[in-house]
Protein chains: 2
Amino acid sequence: MEQVVDSDLNVKDISFINNIKSIAVIGPSKKRDYFFLRNHQYSFKGKVYAIHPKLEEIPNFPKEDIYSSILNVPGDVDFAFIAVPAKLVLDVMDECVKKGVKLVTVFTSEFSDAGTEEGLALEKELLRRAQNKVRILGPNGLGLYYPKIGMAWRLNFPTLTGNIGFIAQSGGICNIAIYSSIELGIKFSKVFSFGNGADLDFIDLLYYLITDPETEIILCYLEGIKQGRIHELRSILKKNKKPIVVLKGGKSETGARAAKTHTASISGDNKIWKNFFRQYNMIEVDSLEQLLHTARLIECYGVFAAKNLAVLSISGGYGVVLVDIIEHHGMKVPPFSSETQQEINKRFFMPGTSSNNPLDFAAQFFAINQVQEIIDILLLDLNIDGLILDLPGFYLTLPPRIQDPSAFLNVVLESLELGHKHKKPLIVITQHLTRPKNIDEFLINLKEKNIPVFGDPLEFLPLLPKISNFKSNIDKI
Amino acid sequence: MEQVVDSDLNVKDISFINNIKSIAVIGPSKKRDYFFLRNHQYSFKGKVYAIHPKLEEIPNFPKEDIYSSILNVPGDVDFAFIAVPAKLVLDVMDECVKKGVKLVTVFTSEFSDAGTEEGLALEKELLRRAQNKVRILGPNGLGLYYPKIGMAWRLNFPTLTGNIGFIAQSGGICNIAIYSSIELGIKFSKVFSFGNGADLDFIDLLYYLITDPETEIILCYLEGIKQGRIHELRSILKKNKKPIVVLKGGKSETGARAAKTHTASISGDNKIWKNFFRQYNMIEVDSLEQLLHTARLIECYGVFAAKNLAVLSISGGYGVVLVDIIEHHGMKVPPFSSETQQEINKRFFMPGTSSNNPLDFAAQFFAINQVQEIIDILLLDLNIDGLILDLPGFYLTLPPRIQDPSAFLNVVLESLELGHKHKKPLIVITQHLTRPKNIDEFLINLKEKNIPVFGDPLEFLPLLPKISNFKSNIDKI
């Protein structure tokens with residue numbers, strides 16, 4: 001792997017993560033029904049040990065894999081999830097060092113997050129005991145979700161592996177992102193919830209994802225960085241070419257105060273951050289939803305420049321509104337080339353309909369084979385580098401026009417795949433409010449074919465210029 | 001009813017609509033399986049006639065209600081839906097005049113919408129033949145959806161009656177709005193699709209809704225008005241106190257051109273319209289989704305001023321982002337009063353948690369009875385005039401914490417009803433992407449209790465200042 005930082009930089013190497021083969025859950029709680037043990041046990045593809053000083057049996061867990069101390073485990077333990085009371089964490093850490101554990105998540109809270117002197121002191125002591133031999137996620141963090149090896153802190157996290165990495169302090173934000181990924185269709189390589197960031201912090205993890213061969217798109221929720229770390233951040237970003245999408249928390253005065261309360265982050269001046277993100281070609285967004293949607297768009301089509309869009313609608317009025325929103329966000333809905341218009345005219349049979357951009361299909365949408373041909377023609381047009389299609393869900397079910405719904409839907413699906421054929425983003429709007437249950441299967445098909453479907457034009461149209469901007473900056477390098 | 005316009009103004013009176021008792025569908029098409037007849041027949045509460053020169057039988061339609069001409073119908077016909085070929089429309093209109101029909105929808109297109117001289121001439125002649133005795137919706141329009149009397153141009157339109165009126169030229173936009181209303185939970189009084197607006201136009205219909213006792217909230221999609229009608233528009237708006245939410249189509253250059261193509265509307269200068277809307281205290285929005293969501297918020301809580309919001313989250317990070325978005329849109333997340341903070345502290349059992357705004361419940365959310373008490377306390381606080389709650393769907397199903405899900409959900413529901421008790425808007429965010437199927441019933445309960453749930457903070461937060469602004473302007477009068 002290319003060396004992307006100066007060797008004297010204070011950034012920790014955790015590339016060993018990609019070789020984790022055995023894990024231990026320290027402190028499985030009978031009272032909580034062995035919550036974290038179950039979650040890690042459920043899908044992990046390597047060896048899982050349970051460590052508890054007293055428990056000898058755990059239902060549905062191999063008796064021979066329960067040990068009173070991690071030191072008694074015969075083989076290696078690469079990773080440990082620590083969920084013991086705060087006062088026991090130091091002793092557990094001593095044992096992890098002795099055992100040669102490489103990485104731990106300290107889920108336990110009441111360290112610096114408590115906002116007390118004792119808490120701060122305990123965290124400092126924890127770090128000292130780790131001796132730079134054990135890397136720590138936390139305290140007060142949920143750690144690492146790594147679907148490729150089946151490592152998850154929740155039972156029902158998706159098991160499919162993707163190329164999107166995500167970093168956040170907040171475990172709650174990670175949970176929303178991971179659960180959302182199923183519905184949205186994105187797949188993660190790794191997600192980190194690093195809590196107080198006593199050892200591994202935002203910068204270490206960002207460095208890891210930038211250099212991680214399993215990660216192509218990086219998402220982060222950033223409240224702030226530790227004092228004195230900006231030099232490292234600049235250094236690791238300098239040569240980065242992966243798209244990094246960032247949601248900055250604490251941009252407002254009250255938001256900054258709240259961030260400080262819950263993770264002791266110093267949010268810093270919003271304008272400085274904005275400039276910083278621009279300088280390093282990071283894609284800044286305004287909500288967690290935008291963060292995930294940006295990832296979805298890039299996952300489907302790679303980074304793209306979509307400045308000139310074709311707009312297709314079934315309702316002419318809705319098409320007009322789409323054009324207004326698109327041009328308001330600095331993109332264009334340019335005329336089709338005259339060749340394209342001629343080709344469209346050959347296929348349009350309704351009088352008084354324009355063959356230009358935006359194109360209003362109206363009832364002609366039901367002549368789906370022509371629609372397919374027209375989409376193919378539009379995407380060939382050099383004036384056009386992307387296509388937005390308004391497709392209200394009820395048009396997919398309305399009798400009596402659609403006599404063979406499944407054949408009809410197949411052609412719709414083929415038409416919508418044409419974006420991939422032409423390597424131009426084709427994006428569908430099926431309003432959240434117009435999705436009858438009987439099109440669920442159709443929507444799942446779209447998801448699996450990597451055709452992005454949004455439920456509201458304002459959900460994604462403001463994101464397109466951000467992606468285009470990233471693309472044109474990266475092309476300049 | 002109060003006289004809101006000068007008597008010499010050219011605005012048509014269609015208040016007779018509220019007394020429609022009998023309708024005729026002229027030109028039911030066997031080829032299209034009697035589409036519009038079926039749709040009007042399905043739920044209409046009065047008398048329905050089918051008019052066709054040749055048809056003597058229509059399956060599942062009373063033979064005695066089929067007539068070869070509307071003139072042969074023995075009783076009155078208040079409304080007729082005309083779907084005959086363009087060349088027959090004039091004769092049909094002559095008969096409607098003779099019969100004393102009050103209102104017709106001309107669904108037939110190829111009038112001015114065709115953009116030809118013949119089309120224009122035909123439309124002019126149609127108007128002349130109507131002799132100002134028959135009022136026309138259309139041509140090229142879908143007409144009137146009026147659920148109270150069961151009048152609908154589609155079979156599966158909702159049958160519940162509400163107090164929201166909607167006007168649009170485009171039938172497609174009306175269809176999206178009406179289908180969306182089911183999922184969103186809003187209910188219409190009347191929806192008008194007036195197509196080419198040869199007779200009844202935007203201004204006539206707006207005047208009707210402003211003076212209609214069955215309508216409290218008015219939505220409109222406006223591409224433009226006829227030349228020389230601005231005086232009438234000003235006059236009818238001058239004394240209006242109902243909230244009018246407007247989506248202007250054709251704000252961009254290309255959008256204006258497209259609007260002109262599909263409805264021959266002159267969009268006019270966007271800045272002039274923006275000022276106009278401001279001057280008449282109309283609520284301008286940017287998308288059809290925003291139009292509907294604004295209606296939902298007002299339907300749930302009336303018009304409100306929500307400038308100081310309490311933010312409650314289960315994920316602290318998500319709460320920080322909410323605060324950022326709220327303050328970015330000019331609202332505040334102010335500190336709670338010291339009394340409120342004291343009361344919260346009595347109920348918070350987690351160390352290191354702030355009792356101030358925004359409030360991060362984290363795992364304490366599962367102590368739902370305390371959550372309910374806290375929401376009640378917050379809404380009493382004079383510093384607070386609205387509450388935003390982040391409630392990811394998966395928190396409502398997660399085992400093993402929730403041992404009796406239905407009891408738990410009942411308390412959640414009661415907690416979320418507290419906005420109505422305190423007459424302050426309480427708005428829930430359950431991300432579109434975090435809605436497992438098994439919370440469907442819960443979401444329907446929320447809908448029925450008029451508790452608005454959004455799937456994305458950017459869907460509704462930008463709308464709150466618009467509603468507040470309307471409210472403070474109306475209070476000044």
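Colleague: What makes about 1600 Å² the area that domain 1 of chain A and domain 2 of chain A bury between them?

Modeller: Buried area is the accessible area (1.4 Å probe) that two parts lose on being put together, summed over both. Here the two parts are the domains of chain A, so about 1600 Å² is their joint loss. Carbon and sulfur atoms carry 64% of it. On the domain 1 side, A:N281, A:R296 and A:L297 lose the most, together 42% of what that side buries.

One caution. This is a predicted model: local features need pLDDT of at least 70, side-chain atom pairs count only at pLDDT 80 or more, and totals for chains, interfaces and linings use all residues. Residues are numbered from 1 along each chain as its sequence is written, chains are lettered from A and ligands numbered from 1 in the order written, and side-chain values use heavy atoms, without hydrogens and water.

Colleague: How do you know where domain 1 and domain 2 of chain A lie?

Modeller: Domain bounds come from an automatic or database domain assignment. That assignment gives 15–298 for domain 1 and 303–476 for domain 2. Their C-alpha centres are 39 Å apart.

Colleague: What puts residues of the two domains of chain A in contact?

Modeller: Contact means heavy atoms within 4.5 Å. By that rule 18 residues of domain 1 touch 19 of domain 2. The salt-bridge count between these domains is 0.

Colleague: Why is the meeting of B:K437 and A:D440 called a salt bridge?

Modeller: The rule asks for a side-chain nitrogen of Lys or Arg within 4 Å of a carboxyl oxygen of Asp or Glu. B:K437 and A:D440 meet at 3.7 Å, N to O, so the pair qualifies. The interface of chain A and chain B has 2 salt bridges by this rule.

Colleague: How many residue pairs are in polar contact across the interface of chain A and chain B?

Modeller: 15, with both residues at pLDDT 80 or more. Each needs a pair of N or O atoms within 3.5 Å; within protein, one must be able to donate a hydrogen and the other to accept it, and residues adjacent in sequence count only if both atoms are side-chain atoms. The domain interface in chain A has 7 such pairs.

Colleague: What is the area buried between chain A and chain B?

Modeller: About 5200 Å², with 65% from carbon and sulfur atoms. In chain A, the residues A:I176, A:E289 and A:L433 lose the most to chain B, together 12% of that side's burial. As for contacts, 75 residues of chain A meet 75 of chain B.
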